[in-house]
Amino acid sequence: MATLQVFDKPMCCSTGICGPQVDPVLPKFASDLAWLKDQGVAVERYNLAQQPQAFVAHADVTDAIRENHEHALPLVRVDGQIVCKGVYPAREMLAAWCGVSKPLAASGACCGPAGCC
């Protein structure tokens with residue numbers, strides 16, 4: 001299964017979903033990452049404020065930041081290849097990059113043939 005790495009801009013915590021002003025994109029992205037983990041994808045997420053060593057350890061990440069400054073973040077790698085810079089991708093894109101079956105539609109997403117959860 002794929003390994004997905006997310007390199008986030010500096011945030012107050014590992015997900016950025018705390019504090020008085022939460023970017024509304026962050027809770028959805030955190031949910032998408034949790035869904036990917038449930039599908040068997042290895043997800044690693046690094047916060048520049050708390051884990052700068054992870055950024056330095058990957059030359060392509062430091063090169064992207066050097067070239068694009070803060071616009072390079074968030075940066076997403078899948079199996080060691082940069083697949084996205086500057087935006088949080090949608091679940092459908094994450095699934096495609098990681099080789100996961102297409103996610104169910106948002107409405108009724110928890111319901112399967114045996115009924116709802």
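Helix α4 is followed by G99, whose phi is positive, near 70 degrees. In this predicted model, α4 covers residues 91-98, and its buried residues are R91, L94, A95 and C98. Viewed down the axis of α4, these buried residues fall within an arc of 100 degrees, so they line one face of the helix. The cover over them includes strand β1 (3-8), helix α1 and strand β3.

**Nonpolar cores**

The largest nonpolar core has 19 residues, and L4, L33, L36, V41, C98 and V100 are those that touch the most other members. At least two residues of this core come from each of β1, α1, β3 and α4. Helix α1 gives the largest share, five residues. V41, one of the residues that touch the most other members, is in contact with M1, A2, L4, L36, C98 and V100, leaving aside neighbours within four places in sequence. A second core, separate from this one, has nine residues, among them A54, V61, A72 and L73.

**V6 in strand β1**

V6 lies in strand β1. Is V6 buried or exposed? Its relative accessibility is 0%, and V6 therefore counts as buried, the cut-off being under 20%. Neighbours within four places in sequence aside, V6 is in contact with F29, L33, E44, R45, Y46, L75 and V76. One of these contacts, L75, is 69 residues away from V6 along the chain, yet the C-alpha atoms of the two are separated by 5.8 Å.

The contacts of V6 and V41 can be set side by side, in each case without neighbours within four places in sequence.

| Residue | Residues in contact |
|---|---|
| V6 | F29, L33, E44, R45, Y46, L75, V76 |
| V41 | M1, A2, L4, L36, C98, V100 |

**Confidence of the model**

The protein has a mean pLDDT of 87, with 87% of its residues at 70 or more. Among its elements, the lowest mean pLDDT, 94, belongs to helix α1 (residues 25-38), and the highest, 98, to strand β3 (residues 75-78). Over residues 107-117, the pLDDT is below 50. Beyond near neighbours in sequence, that stretch has six contacts in the model. Where pLDDT is low, predicted coordinates should not be read in detail.

Which elements have a part both in covering α4 and in the largest core? Strand β1, helix α1 and strand β3 are among what covers the buried residues of α4, and β1, α1 and β3 each supply at least two residues of the largest core, as does α4.

Terms used: Residues numbered from 1 in each chain as written. Predicted model: local features only at pLDDT ≥ 70, side-chain atom pairs only at ≥ 80, totals over all residues. Heavy atoms only, no water. pLDDT = per-residue confidence, 0-100. Helix = DSSP H or I, 4+ residues; strand = E, 2+ residues; numbered from the N terminus. Contact = heavy atoms within 4.5 Å. Buried < 20%, exposed > 50% of the residue type's maximum accessible area, 1.4 Å probe, protein only. Arc of directions from axis to C-beta. Core = buried A, V, L, I, M, F, W, Y, C linked by side-chain atoms within 4.5 Å.
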